[in-house]
Amino acid sequence: MKNSLVFGIVCSLILNACQTNEEPPAKPNILFILADDYGYHDLSLTGSNYYETPNIDRIANEGMIFTDGYANCQVCSPSRASIMSGKFTARHGITDWIGARTGEEWRKQGRFNKLLPAENGDHLPHEYTVLPEAMKEAGYKTFFAGKWHLGNEGSWPEDHGFDINKGGWDKGSPIGGFYAPWENPRLESGPDGESLTMRLAHETADFLKEYKDTTFFAFLSFYAVHAPLQTTQEKWAKYRDKAEEMGIAETGFEMGHFLPIRQVQDNPVYAGLVETMDDAVGLVLNALDELGLAENTIVIFTSDNGGVSAGDAFATSNLPLRGGKGYQFEGGIREPYFIKVPWLNIAGKKSDVPVTGTDFYPTLLELAGAELKPDEHNDGTSLVPVLTGGTIPERPLIWHYPHYGNQGGEPSSIIRLGDWKLIHYYEDGREELYNLKTDLEETTDVSAVNSELTKQLSEQLFAYLNEVGARFPENDPEYDEVLEKQHLERIRTVRMQQLEKQRLEFLSKDFNPGNNWWGSQVEE
């Protein structure tokens, strides 16, 4: 027994030595970069031949790549609340984007659906000690720039632990667009044509410079790449030509359950928006280098939900992942998920441990040498064991989206345990089971041949949902099947034709947006 204990300690010391380049700082800085609506395959590193993202790729190549990294919801506000709170969406109660119609109000969407979506939380609960508040308790100077979308005035970043707030308020999209003049009470508009994305990067870099001698937690939350899709004429032309060189597909969409879904990455406007965000990431990374902060700064990059393949701006394709933003499939929830810890020897290493946004809270506390708060980050697990060469116990990951949303997904809840993913649908109570190890594209429902496993996962899912008081959708007594079928037929015909026409217009050599949204030709 004694020899076994000694052997275990020696192995542990060797493992830690292999994982560590140098002694960790007593209190590292933290830069958290969160993109909006940015899909798993929207960057070069994960296989896109169209988008160019050298700076985001750099974070991945200098850190650990979590191949099975997830947002906590297929839309934005719930995922953001989960990052801040360390709680799954059903527990904190924000299960759709804040401001979405619920209950009988949903009928005003004109979708004629069977269900009335569940009620939704309207702000990040103040009774929680959220991540930035925990960082402040640990002695960090806290900074926020960009999209918040976690409540109206009184529940803005400065009301939840951020010392400085540049541009975070209740709106979830860039009001006024991505080029000045924009409309944001927390960020003064720049000169006409200034890029909002680059401005947020400059604000972050300025913060780093001013507080380089302190210990900081900086949270850069881009409005990009959310709609409206806007870029410069120069970037549009670059990606229009690139799409032509790659070969323009005859068609770009296939009909999904409720809406057409984009099948190709060839939108030059969106590609330009992606590149601008990557430029902005590069500006901030360069600031860390120039200020001598890079070796003492943890850098995280992730997104709040999948790329928009349907609804909103129909911007990108997430293939081979199925679906996109708003969907219960992997395209809606699987994200770029990179953690760089400079003193660990993890550059370019990959982990296939399933992880989610709730895990950042305890992970950052542990890396900062601060005391964990298990009563707060209830659904999160520290990933430090994974970052240092070990693993974490297998645990269920749970998603709860009792809504329809704007992108064509269905009201559903999900549980992933190991390689297995079960989806429960609220319209008809059916359940689908996928083995993500052998069927990442989710093409084959194997629930019928794994009935006992399906039952076990379903019971585990609903035990959690009931324990935390999850809210569920209800049948709409005014539902009319004929009206819904008529609506879907219009989508299959008229809307599909409109989308295909618009796609080719964006790729036309003489395309002109007609509203002067190019702004300045120089974004820096």
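Which residues lie nearest the centre of the largest pocket, and how many residues line the largest pocket? In this predicted model, the residues nearest the centre are D68, D352, P354, R416 and D419, and they belong to a lining of 22 residues. The points below begin with the two largest pockets and then turn to the salt bridges, of which the structure holds 40, and to the cysteines, among which there are zero disulfides.

**The largest pocket**

- The volume of the largest pocket comes to about 380 Å³, and D68, D352, P354, R416 and D419 are the lining residues that lie nearest its centre.
- By residue class, the lining of the largest pocket consists of 10 nonpolar, four polar and eight charged residues.

**The second largest pocket**

- The second largest pocket has a volume of about 310 Å³, and it is lined by 24 residues, of which G256, I261, R322, G323 and F329 are the closest to its centre.
- Three elements, the strands β8 (253-255), β9 (260-262) and β17 (431-435), each give two or more residues to the lining of the second largest pocket.
- The lining of the second largest pocket divides into eight nonpolar, 10 polar and six charged residues.

**Salt bridges between E203 and K166, and between R199 and E194**

- E203 and K166 form a salt bridge in which the closest N and O atoms are 4.0 Å apart.
- Because E203 belongs to helix α6 (residues 196-210) while K166 belongs to strand β6 (residues 164-166), this pair ties together parts of the chain that are 37 residues apart in sequence.
- The two partners differ in their surroundings, since E203 is buried at a relative accessible area of 13%, whereas K166 is partly exposed at 29%.
- R199 is paired in a salt bridge with E194, with 3.3 Å between the closest N and O atoms, and R199 is itself buried, having a relative accessible area of 14%.

**The salt bridge between K235 and D279, and its network**

- The side chains of K235 and D279 also meet in a salt bridge, at an N to O distance of 3.4 Å.
- This pair links distant parts of the chain, with K235 in helix α7 (residues 233-246) and D279 in helix α8 (residues 268-290), 44 residues apart.
- K235 counts as buried at 11% relative accessibility, while D279, with a relative accessible area of 22%, is partly exposed.
- K235 and D279 are also members of a wider set, in which salt bridges that share partners join E52, K235, K238, K242, E275 and D279 into one network.

**Cysteines without a disulfide**

- Why do C73 and C76 not form a disulfide with each other? The sulfur of C73 has its closest cysteine sulfur in C76, and because the two are 8.5 Å apart, they are too far from each other for a bond.
- Seen from the other partner, the cysteine sulfur closest to that of C76 is the one in C73, again at 8.5 Å and too far for a bond, whereas a disulfide would need the two sulfur atoms within 2.5 Å.
- Both residues are buried, C73 at 1% relative accessibility and C76 with a relative accessible area of 4%.
- For the structure as a whole, the number of disulfides is zero.

Definitions and conventions
Residues are numbered from 1 along each chain as its sequence is written. This is a predicted model: local features need pLDDT of at least 70, side-chain atom pairs count only at pLDDT 80 or more; totals for chains, interfaces and linings use all residues. Side-chain values use heavy atoms; hydrogens and water are left out. Helices (H or I, at least four residues) and strands (E, at least two) are DSSP runs, numbered from the N terminus. Buried means under 20% relative accessible area, exposed over 50%, partly exposed in between (1.4 Å probe, protein chains only). On a 1 Å grid over the protein atoms alone, a cavity is a set of points where a 1.4 Å probe fits but cannot get out, and a pocket is an open set with protein on both sides within 12 Å along at least five of seven lines; lining residues have an atom within 4 Å of a point. Grid points are joined across faces, edges and corners, and a volume is the space filled by probe spheres set on the points. Ala, Val, Leu, Ile, Met, Phe, Trp, Tyr, Cys and Pro count as nonpolar, Asp, Glu, Lys and Arg as charged, and the others, Gly among them, as polar.
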